[in-house]
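Student: Choose one spot in this model and look at it closely. Then work outward from there until I can place it in the whole.

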Amino acid sequence: MDVSFLGGPGPQRGVGVVAPFDFALDRELWRWTPDDVSLHVTRTPYVPVEVSLDLARMISEHETLQNAVSTLTEVTPEAVAYACTSGSFVGGVMGERAMCEAMSRAGSVPSVTTSGALLEALVELDVRRLALVTPYTVSVTRALEEYVAQAGVAVTGCAYMGLTRQIWKVTYREVVDMARRAAVRGRLGTADALFLSCTNLPTYDVIPQLEAELRIPVISANQVTMWAALRRLGTRAVGPYQALIDTSARTGTGAGSTLPGPAAGSVLPAAGPVVPTGSVLPEGQEPSDVRGVHGVPDAQGVPGAQGIPGTPDEKQQKGWT
């Protein structure tokens, strides 16, 4: 069949994405991307260093980010996103801003990071109190708490997994269980929203149903990254009914929300035991009765756990996006 009359594919706009070397969820980023936008993904070099907060700092050094952005210049993206949560909050709010400036200088285009996009999303949704879910170890989770605190946002509850590798293999059931734990009303009251941290944590399909069950906006690392990057192009992220992307889903968001309840045929896993978690434990303090091996139920029967007793935190951290 002669297709020459079609004139070729339609014009595409581009978003450059700088991802850590262990990033495995390229397809999830594409699911928020409209048809007329292409993602041009590059990765930072592999670093054979003991996994820790120090590694997060190394992989987000300005020279590393600038070199990565430079590899994208030939395809002329209109914006560049650094798709890494811990790498962009490890230096605090000022460190995140400096990363964006470094990337913008290298590519001469607007830049955004996952953690910067998180703060944009919190302003967009008028969030003052936030519940957190992370796959991280104690020290990395604490750094995220400190980052949002610098932005004037209080953490009402936090559930973390203490994982060391292959975060992209976490199941939706585990994400949902941790979300339910984090969203329990804490000493600071009910959260205005829930954040699922880590760009290597699968979240796309659980967001609408979690919002329906918890009745607060649920945002994730990959979601906010794409939402903010596409804003730089003057366009919108696409996706199923979710508060950040669809303004009609924001009715009654925040504490005392009146978001619609779970729809018929909800695909959320059945609720497991709910364990109030509050904030992360102080440095060096771990619950003695909780096992932290990924995929092994903890003392309450909930997959995932809050740290691995007897294991130095620096030895636990891997797959840390």
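Tutor: Start at Cys 198. Its relative accessibility is 1%, so it counts as buried. Keep in mind that this is a predicted model. Cys 198 sits in the loop between S7 and H9. Its backbone deserves attention too. Cys 198 is not a glycine, yet its phi is positive, about 95°. Most residues other than glycine have a negative phi.

Now set Thr 76 beside it. Thr 76 also has a positive phi without being a glycine, here about 45°. Its place is the loop between H3 and S3. What about its cover? Thr 76 has a relative accessible area of 56%, so it is exposed. The cut-off for exposed is over 50%. So the backbone sign appears at a buried residue, Cys 198, and at an exposed one, Thr 76. Asp 126 is another residue with positive phi, near 55°, and it follows H6.

Next, the rings. The whole structure yields 4 aromatic pairs. One of them joins Phe 21 and Tyr 46, edge-to-face, with centres 5.1 Å apart and planes at 85°. This pair bridges distant parts of the chain, 25 residues apart. Phe 21 is in the loop between strand S1 (13–19) and helix H1 (26–31). Tyr 46 is in the loop between strand S2 (37–43) and helix H2 (53–59). Cover differs between the two rings' residues. Phe 21 is at 23% relative accessibility, so it is classed as partly exposed. Tyr 46 reaches 61%, so it is exposed.

Another pair leads back to the starting loop. Trp 32 and Tyr 204 are edge-to-face as well, at 4.7 Å centre to centre and 65° between the planes. Trp 32 is in the loop between H1 and S2, and Tyr 204 is in the loop between strand S7 (193–196) and helix H9 (207–214), so the pair ties together parts 172 residues apart in sequence. Both Trp 32 and Tyr 204 are buried. Cys 198, in the loop between S7 and H9, is buried too. Elsewhere, ring pairs make a cluster out of Phe 89, Tyr 136 and Tyr 147.

Trp 32 leads on to S2, since its loop lies between H1 and S2. Where does S2 fit? It belongs to an open sheet of 4 strands with parallel pairing, in the order S2-S1-S3-S4. S2 and strand S4 (111–113) are the edge strands, each paired on one side only. On average, neighbouring strands here are turned by 20° against each other, direction ignored. S1 and S2 run parallel and are joined by 7 bridges. Within that pairing, Val 15 has Leu 39 of S2 as its bridge partner.

Helices cover this sheet. Helix H3 (residues 62–70) lies across S1, S2 and strand S3 (79–82), at about 145° to S1. H6 also packs on the sheet, where it touches S3 and S4, with its direction at about 85° to that of S4.

Look closer at H6, residues 114–124. This helix is mostly covered, with 8 of its 11 residues buried. Among the buried ones are Leu 118, Leu 119, Ala 121 and Leu 122. An α-helix has 3.6 residues a turn, so residues three or four places apart point the same way. In H6, Thr 114, Ser 115, Gly 116 and Ala 117 are also buried.

One more helix position repays a look. Gly 95 belongs to helix H5 (residues 92–107). Its relative accessibility is 19%, so it counts as buried. Buried means under 20%. Gly 95 is 35 residues from Ser 60 in sequence, and their C-alpha atoms are 10.0 Å apart.

Finally, step back to the whole chain. It has 11 helices and 8 strands. Of its 321 residues, 55% are buried. Cys 198 is in that buried class. Long-range contacts carry weight in the count: among contacts with a separation of 6 or more, 76% join residues 24 or more positions apart. The Trp 32 and Tyr 204 pair spans 172 residues in sequence. The chain exposes about 13300 Å², and carbon and sulfur atoms supply 53% of that area.

Conventions
Residues numbered from 1 in each chain as written. Predicted model: local features only at pLDDT ≥ 70, side-chain atom pairs only at ≥ 80, totals over all residues. Heavy atoms only, no water. Phe/Tyr/Trp six-rings, centres within 6.5 Å; stacked < 30°, edge-to-face > 60°. Helix = DSSP H or I, 4+ residues; strand = E, 2+ residues; numbered from the N terminus. Buried < 20%, exposed > 50% of the residue type's maximum accessible area, 1.4 Å probe, protein only. Contact = heavy atoms within 4.5 Å. Areas by Shrake-Rupley, 256 points an atom, 1.4 Å probe, with all protein chains shown as cover. Pairing = 2+ DSSP bridges. Axes fitted to C-alpha atoms, helices over the stretch in contact; angles between N-to-C directions.
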